[in-house]
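Subject: Handover of the structure

Dear colleague,

Here is the structure I said I would pass on. My notes on what was found in it follow below.

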Amino acid sequence: MSKAKEVVINQRSFGAADDRLWTTTNRQDLFQVGYVAMGSRSAVFRLAISLKCIDVLSRDVAKTPVYLYRRRKGGAEIVEPNEHPVAKMLAGRTSRYYGVKEFLRIATAHLATASQYYVAARRRQDGELLEIQGIPHTSVSVRVEPKQRRYVYDVSPGDQHAQAQYSWAQGGLLDDQMAHIRLRSMNGIDPIATSAVARATFDLLTEMNKFQSDLFKNGGMPILALTFPDGMTDEQYQRLRAEMADQARGAREHGLPFILEGNGSAKEGGGQVPKLEKMSLTAVDTDFLKANTSVMDDVCRIYGVPPHKCYLMSSIKYDNVVPFERAYVTDTLVPIFDALTEALHPVLLTEEEQADYFLAFDAEAAYAADPEQRQKVLESKWKNGLLTKNQVLDEMGYNTIGEAGDIYLFSGNFVMTDTKNEVILKAGGNSPGEESAGSDEKPTTKKEAR
């Protein structure tokens with residue numbers, strides 16, 4: 001039998017021919033797809049457009065409010081921070097090292113590239129939640145407990161920073177203590193990493209950038225060839241070659257004119273006109289700008305980010321920005337919201353609590369991220385009686401005005417009611433009963449008036 005260690009599937013270990021397992025240190029810079037390590041993290045981060053897409057996703061998820069809700073008949077209400085430990089955490093920090101927004105930025109960056117991230121929950125002996133800590137997938141190995149049919153997560157902090165943050169998670173955590181967040185998966189455990197799926201596109205963009213860089217390093221000069229129809233002697237060839245190298249260096253470094261003297265024919269000794277041939281393609285010849293923009297659009301498409309979010313404005317018009325933004329929230333951000341909340345539910349909430357509480361992002365805030373658009377939405381909801389005045393003020397970041405603000409406005413007839421559906425003000429500014437105030441006469445109907 002071979003000396004190489006056998007790969008244990010349920011532990012997701014890697015075998016090595018020299019009987020040594022890969023350590024966290026030398027595989028932490030790799031993305032995993034199934035049981036194969038593919039795609040360098042640094043190669044993805046070196047591409048400006050790829051890094052910009054990751055930044056956009058991380059920023060947009062982090063700036064969307066996330067709340068703990070309590071279920072009630074016909075809807076749900078936001079739980080106040082002093083009512084539940086999870087609500088308190090969402091209003092402050094997830095741990096001593098991270099605030100909620102930074103935690104969401106880090107988690108989203110891992111989901112955007114590796115399509116997976118782990119989050120461990122630390123509790124007191126009595127079950128009270130103390131903190132949650134994100135852990136990169138390279139520091140976690142997964143095994144199965146056959147008798148209980150449950151996953152067990154073994155955490156291996158790779159350096160001193162990791163030990164400070166989550167050394168308390170070592171020893172094997174069960175699935176109610178560890179959330180395995182996956183953005184794409186075919187079997188529910190192995191993610192499909194963006195870095196692996198888009199590897200061909202990333203490689204193409206890298207090579208295009210290298211081509212452009214090499215071209216500018218060469219002073220923007222293409223490779224040229226001189227041919228002499230009548231041939232040259234060895235002496236003439238060596239002399240011309242030295243002159244060409246010297247002249248090319250002077251033209252590239254100092255902008256000197258490129259001048260070569262005439263060369264005699266090998267047969268007749270007379271002068272002859274050399275023929276100039278270009279041996280390489282320039283950026284113009286290859287239509288570099290158009291091709292480069294096309295590849296960058298492909299990178300944006302792979303991440304699910306509209307090009308205008310990365311400042312690629314070639315196909316963007318004022319008319320289509322709003323539809324692009326809404327499609328971006330629906331097709332890209334909402335799946336990330338769902339992946340985060342669904343994985344965190346069994347870790348942050350007990351089985352009993354999950355019947356009464358749930359975690360959710362305020363997707364409406366994401367849809368109306370633009371301040372002008374958001375104000376229009378709030379004004380529309382206020383004028384149509386969907387929100388009270390206090391709720392609108394709160395959503396816009398202003399102080400509420402107490403009981404006087406707990407009123408609804410219906411724009412159809414401008415009828416104002418309180419929270420008990422009692423009419424406060426009717427159309428035309430008349431309060432209830434004011435129509436006949438000061439008069440004992442019956443109101444005149446339209447029929448009587450005619």
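How much surface does the chain expose, and what share of it do carbon and sulfur atoms supply? The exposed area is about 27400 Å², and carbon and sulfur atoms supply 51% of it. Please keep in mind throughout that this is a predicted model.

Overall make-up

The chain has 450 residues, and 35% of them count as buried. Its secondary structure consists of 16 helices and 18 strands. If you take the contacts between residues at least 6 apart in sequence, 55% of them join residues at least 24 apart.

Nonpolar cores

The largest nonpolar core holds 58 residues. Within this core, L68, Y303, L340 and L348 have the most contacts. Helix α11 (residues 321-348) gives the largest share of the core, namely twelve residues. Another core lies apart from it and has 13 residues, including V142, A162, A169 and I189.

What does L68 touch, once its neighbours within four places in sequence are left aside? Its contacts include E77, I78, V79, H84, V86, A87 and L90. L349, Y357, F358 and L359 are also in contact with L68.

In the other core, V142 is a residue to look at. V142 lies in strand β7 and counts as buried, because its relative accessibility is 2% and the cut-off for buried is under 20%. V142 and I189 are 47 residues apart in sequence, while their C-alpha atoms are 9.2 Å apart in space.

The sheet around β8

Three strands, in the order β7-β8-β9, form an open sheet with antiparallel pairing. Its edge strands, each pairing on one side only, are β7 (140-145) and β9 (173-174). Between β7 and β8 the antiparallel pairing runs over six bridges. One detail to find on screen is V144, whose bridge partner in β8 is Y151. As general background, strands of a sheet pair through backbone hydrogen bonds, either parallel or antiparallel.

The hairpin of β17 and β18

Further along the chain, strand β17 (residues 415-418) pairs with strand β18 (residues 423-425). The sense is antiparallel, and the pairing covers two bridges. M416 stands opposite L425 in β18. Four residues lie between the two strands of this hairpin, and N421 takes a positive phi near 70° there.

Aromatic pairs

How many aromatic pairs are there? The count comes to four. In one of them, the ring centres of Y67 and Y69 are 6.1 Å apart and the planes meet at 85°, so this pair is edge-to-face. Are Y67 and Y69 buried, partly exposed or exposed? Y67 is partly exposed, because its relative accessibility of 31% falls between the limits of 20% and 50%. Y69 has a relative accessible area of 14% and is therefore buried.

Y118 and Y153 make up another edge-to-face pair, with 5.7 Å from centre to centre and 65° between the planes. This pair links distant parts of the chain, with Y118 in strand β5 (residues 116-123) and Y153 in strand β8 (residues 150-155), 35 residues apart. Y118 counts as buried at 2% relative accessibility, and Y153 counts as buried at 4%.

There is also an aromatic cluster, formed by Y67, Y69 and F358. F358 has come up above, as one of the contacts of L68.

Cysteines

How many disulfides does a search of the whole structure find? The search finds zero. C53 is in no disulfide, and the nearest cysteine sulfur to it, that of C310, is 3.7 Å away. Why does that distance not count? A disulfide needs the two sulfur atoms within 2.5 Å, so 3.7 Å does not meet the cut-off. C53 is buried, with a relative accessibility of 0%.

C300 is in no disulfide either; for this residue the nearest cysteine sulfur belongs to C53, 3.9 Å away. C300 is buried as well, at a relative accessible area of 0%.

Regards

Key. Residues are numbered from 1 along each chain as its sequence is written. This is a predicted model: local features need pLDDT of at least 70, side-chain atom pairs count only at pLDDT 80 or more; totals for chains, interfaces and linings use all residues. Side-chain values use heavy atoms; hydrogens and water are left out. A nonpolar core is a set of buried Ala, Val, Leu, Ile, Met, Phe, Trp, Tyr and Cys residues joined through side-chain atoms within 4.5 Å. Buried means under 20% relative accessible area, exposed over 50%, partly exposed in between (1.4 Å probe, protein chains only). Contact means heavy atoms within 4.5 Å. Accessible areas come from the Shrake-Rupley method with a 1.4 Å probe; for residues, only the protein chains shown count as cover. Two strands pair if DSSP finds at least two bridges between them. Rings of Phe, Tyr and Trp (its six-membered ring) pair if their centres lie within 6.5 Å; planes under 30 degrees apart count as stacked, over 60 as edge-to-face and the rest as tilted.
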